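Hello,

I am passing a structure on to you, and I hope you enjoy looking through it. Please open it first, and then read my notes alongside.

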Amino acid sequence: MIEVVVLSGKGGTGKTSLTAAFAHLANGSVICDLDVDAPDLHLLLQPRQMASEPFISGHEARIRAEHCNGCGLCMTLCRFNAIAESDAVPRIDPLRCEGCKTCVALCPSQAIDFNPKQCGQWYLSQTRMGPLVHAQLIPAEENSGRLVALLRQKAKELAQERQLSLVLSDGPPGIGCPVISSLAGASLAVIVSEPTPSGEHDLVRIVDLCDHFQVPVGVIINKADLSVDYHRRIETFCDERTIPLLGSLPFDTVFIEAVVKGRAVTEYVPDGIADDIRRIWAAIEAMAKIGTTV
Amino acid sequence: MKVAVASGKGGTGKTLLSASLFSVWKDPLVVVDLDVEEPNLHLFLNPEISGTRTAELEIPVVDAAKCDYCGKCAQLCQFKAINVLGEVVLTFTEMCHGCGGCLAVCPRGALTSGSRPLGEMRWGRIGSDRFLMGALRVGEAMSPPLMRVVKQKLQGMLSEAAADVIIDAPPGVSCPAVNAVMDSDVIVLVTEPTPFGLHDLRLAHEAFAQLGKPMGVVINRAGLPGSDVDDYCRANHLRVLAKIPFDRRIAETYAAGGVIAEAMGELRPFFSDLADQIRTLVETAAQPLEISR
């Protein structure tokens, strides 16, 4: 099974638009939206939901005021500044609580409940391009890394069941917990960059992260004509690190027009940029050896 | 006054806006990059860095001579960072959240504090204003602990000399984003009028509304085809503070490392007005409600 994940470091470089186009061109893959925090791929794929399950992960501490003796030990122990006194009773701020259980275990009055909490919902859906595994983290919740791991596992199971050899994932921005969870053990990371100071800076960090996890990398320069200077700098960087440059795409509002129509770019326009994306996809197929292994 | 510049969707223009607000801000300022996974603000503001420090997280270190393998630490740990197997204690320090629970429950004092590097904190000056940022170590999964260290440093800087604060927050709506905005006085949500922009604005609004802080919206790339962000804002009583037009020259200026309010002088009054709008939003929110007759 081959797992290709589309990443960028910097947000807004075009991960989702390109993932949708790749899903269109792949012609038979399990598609996976790993940006569980702010998922957008479904806006292009209009999924028909087949199954849905709550994602329960971690616990939330809660003080029962009627059993609290007001000693304040919990406030001293909490490293997350999640407990503060209000009306002479300590209260836990659920947005700051990390569910570590320290206060629960050491409360002399055993006045703190510790209940499992729902952090999101995950879905198995059907789309015109293939099955989609996706989720939505409840806004302001945590454990996105665990939800990402769960989605990847479900996507692989589904691929096996449907005898599909490719899992194609739209990854989250950044280099932290959900990105690491999206990346570790993947066959190939396709990084969508842009020729700006931020794009270059963040590309270096995400490439370093991929190296750290020994995941092969290919780079796409999107909005390529915005800066000749930064375009050249990214090319030089890829050259120095012997990273294949999969292709460049121009700064073009056709990407947004396609989003507005709820289509992948390759569905929306017949040639031009669509041809460029086809060439990039062919390079990805060659690099990940898609179609040659099962 | 602390202003947090946030967004659900990445790449909507948080850094662009933070840099331009910095440029027009009248009062003394500390500008903070809390997007520690991918900090970018320094690339545009070119601060003179005067200090750096490795930020660390407290993790347990086992003293095998004192441990009697009772397993209380492993029972408590919610993050599978410490395990007791027979007469072996295994720590998986990269999983540790630094809650200190294992150290607190150990009956024999067999755990002492060690540390894991989270990343680097850097601070310095930009002209007469101050700058602060965090950069997560590549390979480190947890950004909120580093953000907490940066916020402590910010408190220190503010107690040395009071100032307004502009925070460039990370994208998203989960723990890192909430962590970045939770101590601010006002949240400026940057979005774009595309279906992605609107969808993620909705998520961000939902996430941050729980904090009960005044919020306003800046629509970047206004004029792009797509969803009507205005309708959403109107229906949800979110004030639209400004619209930055979709203009290739803005994208090119940003791509050249320019601060829009400086490199495109004709837009400077626009950003000054926006700064005033943000102030007004905080001040009106601070006014107690009165029933008018």
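Below is what I found in it, going from the sheet to the helices, the domains and the chain contact.

Please keep in mind that this is a predicted model.

A good place to start is the sheet in chain A. It is open, has nine strands and mixed pairing, and follows the order β3-β6-β7-β2-β8-β1-β9-β10-β11. Because β3 (48-63) and β11 (245-248) of chain A each have a single partner strand, they stand at the edges, and one side of each is left without a neighbour in the sheet. From one strand to the next, the twist averages 20°. If you would like to look at one edge in detail, β10 (residues 217-221) of chain A pairs with β11(A) in the parallel sense, over three bridges. There you will find A:Ile221, whose bridge partner in β11(A) is A:Ser248.

Next come two helices of chain A. Helix α1 (residues 15-26) packs on the sheet and touches several strands of chain A, among them β1 (2-7), β2 (30-33) and β8 (166-170). The direction of α1(A) makes about 160° with that of β8(A). Helix α11 (residues 273-288) of chain A lies across β1, β9, β10 and β11 of that chain, and runs at about 175° to β11(A).

Chain A is also assigned two domains. Domain 1 covers 2-56 + 119-288, and domain 2 covers 65-110. The C-alpha centres of these domains of chain A lie 41 Å apart.

How many residues does each chain bring to the contact between A and B? Chain A gives 54 residues and chain B gives 53 residues. On the side of chain A, the elements that each supply at least two residues include β3, α5 (144-162) and α9 (254-260). The most comes from α7(A), with eight residues. By class, this side of chain A has 23 nonpolar, 19 polar and 12 charged residues.

Finally, here is a helix pair in chain B. The axes of α1 (residues 14-24) and α11 (residues 268-286) of chain B come within 9 Å and cross at roughly 90°, which means that α1(B) is roughly perpendicular to α11(B). Where they meet, α1(B) brings B:Ser20, B:Leu21, B:Ser23 and B:Val24, while α11(B) brings B:Arg268, B:Phe271, B:Ser272 and B:Ala275. By class, this contact has four nonpolar, three polar and one charged residues.

Happy exploring, and best wishes!

Notes
Residues are numbered from 1 along each chain as its sequence is written. Chains are lettered from A and ligands numbered from 1 in the order in which they are written. This is a predicted model: local features need pLDDT of at least 70, side-chain atom pairs count only at pLDDT 80 or more; totals for chains, interfaces and linings use all residues. Two strands pair if DSSP finds at least two bridges between them. Helices (H or I, at least four residues) and strands (E, at least two) are DSSP runs, numbered from the N terminus. Axes are lines fitted to C-alpha atoms, for helices over the stretch in contact, and angles run from 0 to 180 degrees between N-to-C directions. Two residues are in contact if their C-beta atoms, placed from the backbone, lie within 7 Å. Domain bounds come from an automatic or database domain assignment. Ala, Val, Leu, Ile, Met, Phe, Trp, Tyr, Cys and Pro count as nonpolar, Asp, Glu, Lys and Arg as charged, and the others, Gly among them, as polar. Angles under 35 degrees count as roughly parallel, over 145 as roughly antiparallel, 65 to 115 as roughly perpendicular and the rest as oblique.
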